[in-house]
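Reader: I'm new to this one. Could you walk me through how to read it, one feature at a time?

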Amino acid sequence: MIQPQTHLNVADNSGARELMCIRVIGASNRRYAHIGDVIVAVIKEAVPNTPLERSEVIRAVIVRTSKELKRDNGMIIRYDDNAAVVIDQEGNPKGTRIFGAIARELRQLNFTKIVSLAPEVL
Amino acid sequence: MASQLFPQALHMIPINQVKSFNPVKNLGFSAFLSRGPSPLTASKVSVSGTHLKFHFGSDLGCFARRDFIVRAESNPEAEANENGVEEPETKAEAEVEAGEGGEDEVEEEKPKEPYKPRVKLGDIMGILNKRAIEASDKERPTPDLRAGDIVEIKLEVPENKRRLSVYKGIVISKQNAGIHTTIRIRRIIAGIGVEIVFPVYSPNIKEIKVVKHRKVRRARLYYLRDKLPRLSTFK
């Protein structure tokens, strides 16, 4: 349940460290973003000497939430933190590596590149 | 429901006919005993309980006689609220029997029915859950799981048809809900803590194996979320 003002970790090596959500993409007045939703975020903290800088507005896709993700088979997945992967306008990740386990739902949402780079798919 | 008629009606028969009693009907008596028979029936009940011979005698034809029907109607008032449902049934049956006027075959068949224990409304979910769990246990036996067990779960995933996904971790809670009993597994995966809830009796789960056990003094180990990641790491 990510909403504007939420701080998220970054799960790739794009150069950003921490993001703050400023908008949930989807319907107007959409309240929350879950795993697989795209958000507009501003970079609050960045690794020095990388293409991405602090206070840059970028798009990201949520990959981990502390709010549970429910599946039809009765499984529920819950991560310990909230994290996103920085993407470009098409949906391709800006970084080259992904850290942390990724939920299978991202494959159905056409983020296949992220799923293939993931060290573990839950 | 003649099977309900007869336990009540039978106690009214004079003692010399008690011998012809159906042993199966004795079940009705024992149920009756548990409800506390009135003093009127107590002595007769104990006598008939000892008889185990099975007779389809013409003695049973006496049930059709009108005498006993009269007693059937008078006795329910004497009985102190044995079973409110049975009383109107008794009366209705008594009228029906009177109308038939001595059909022996009908009465002879009915004593054959075994007395079925009544299923109360409150028990139904418990019975259904037990049946569903037994059905699931037949296909795949489920071990006894407790908080603190380190388990390995093999899950069948529709995308990954060749290989089964393996999930390992410590059980931090178990929620008992009949067929939807779930366990919560915690593990540090790729540096991030992940908790997954599995329905234990799901057909997707191909195997649950308890690998180790950690001594814990709690049923829910939510404190592990605040502790060092080292405590939730399992290779």
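Author: Happy to. Let's begin with a single pair: the side chains of Arg186(B) and Asp80(A) meet in a salt bridge, 2.8 Å from N to O. Keep in mind that this is a predicted model.

Reader: How many salt bridges are there between chain A and chain B?

Author: The count between the two chains is 2. Over all chains, the count comes to 12 salt bridges.

Reader: What does Asp80(A) meet in a salt bridge within chain A?

Author: Look at Arg78(A): its side chain and that of Asp80(A) meet in a salt bridge, at 3.7 Å from N to O. To say how covered each residue is, you compare its relative accessible area with two cut-offs: under 20% is buried, over 50% is exposed, and in between is partly exposed. Arg78(A) has 13%, so this residue is buried. Asp80(A) has 29%, so this one is partly exposed.

Reader: Which residues are linked with those two in a network of salt bridges?

Author: The network links Arg78(A) and Asp80(A) with Arg184(B), Arg186(B), Glu195(B) and Arg225(B). On the chain B side, try the pair Arg225(B) and Glu195(B), a salt bridge whose closest N and O atoms are 2.8 Å apart. Glu195(B) sits in strand S4 (residues 192-199) of chain B and Arg225(B) in the segment after S5 of chain B, so the salt bridge ties together parts that are 30 residues apart in sequence.

Reader: Are Arg225(B) and Glu195(B) buried or partly exposed?

Author: One of each. Glu195(B) has a relative accessible area of 0%, so it counts as buried. Arg225(B) comes out at 29%, so it is partly exposed.

Reader: Now the interface as a whole. How do people put a size on something like that?

Author: The size of an interface is often given as the accessible area lost when the parts come together. Here the area buried between chain A and chain B is about 1,600 Å², and carbon and sulfur atoms give 55% of that. In chain A, the residues that lose the most area to chain B are Met75(A), Arg78(A) and Asp80(A), together 33% of what that side buries. You've already met Arg78(A) and Asp80(A) in the salt-bridge network.

Reader: How many residues does the contact take from chain A and from chain B?

Author: It takes 19 residues from chain A and 19 residues from chain B. Across the interface, 4 residue pairs are in polar contact. On the chain A side, strand S6 (76-79) and helix H1 (105-108) each supply at least two of the residues that touch chain B. The largest share of that side, 4 residues, comes from S6(A).

Reader: In which sheet does S6(A) lie, and what is the order of the strands?

Author: To read a sheet, follow its strands from one edge to the other. This one is an open sheet of 7 strands, in the order S5(A)-S6(A)-S4(B)-S3(B)-S2(B)-S1(B)-S5(B), with antiparallel pairing. Its edge strands are S5 (69-70) of chain A and S5 (205-213) of chain B, each of which pairs on one side only.

Reader: What joins S1 of chain B to S5(B)?

Author: Strand S1 (residues 149-155) of chain B runs antiparallel to S5(B), and 7 bridges join them. As an example, Leu155(B) has Ile205(B) as its bridge partner in S5(B).

Reader: Could we follow one residue in S2 of chain B?

Author: Sure, take Ser165(B), which lies in strand S2 (residues 165-175) of chain B. Its relative accessibility is 11%, so it counts as buried. Leaving aside neighbours within four places in sequence, Ser165(B) is in contact with Arg104(A), Ile153(B), Lys154(B), Leu155(B) and Val157(B).

Reader: Last stop, chain A by itself. How many helices and strands are there in chain A?

Author: There are 2 helices and 7 strands, and along the sequence they follow the pattern β-β-β-β-β-β-β-α-α. Buried residues make up 49% of the 122 residues in chain A. One more pair to find there is Glu105(A) and Arg71(A), a salt bridge with its closest N and O atoms 2.9 Å apart. Glu105(A) is in helix H1 and Arg71(A) in the loop between S5 and S6 of chain A, 34 residues apart. Both Glu105(A) and Arg71(A) are buried.

Technical notes: Residues numbered from 1 in each chain as written. Chains lettered and ligands numbered in written order. Predicted model: local features only at pLDDT ≥ 70, side-chain atom pairs only at ≥ 80, totals over all residues. Heavy atoms only, no water. Pairing = 2+ DSSP bridges. Buried < 20%, exposed > 50% of the residue type's maximum accessible area, 1.4 Å probe, protein only. Contact = heavy atoms within 4.5 Å. Buried area = accessible area lost by both parts, 1.4 Å probe. Salt bridge = Lys/Arg side-chain N within 4 Å of Asp/Glu carboxyl O. Polar contact = N/O pair within 3.5 Å; in protein donor to acceptor, adjacent residues only side chain to side chain.
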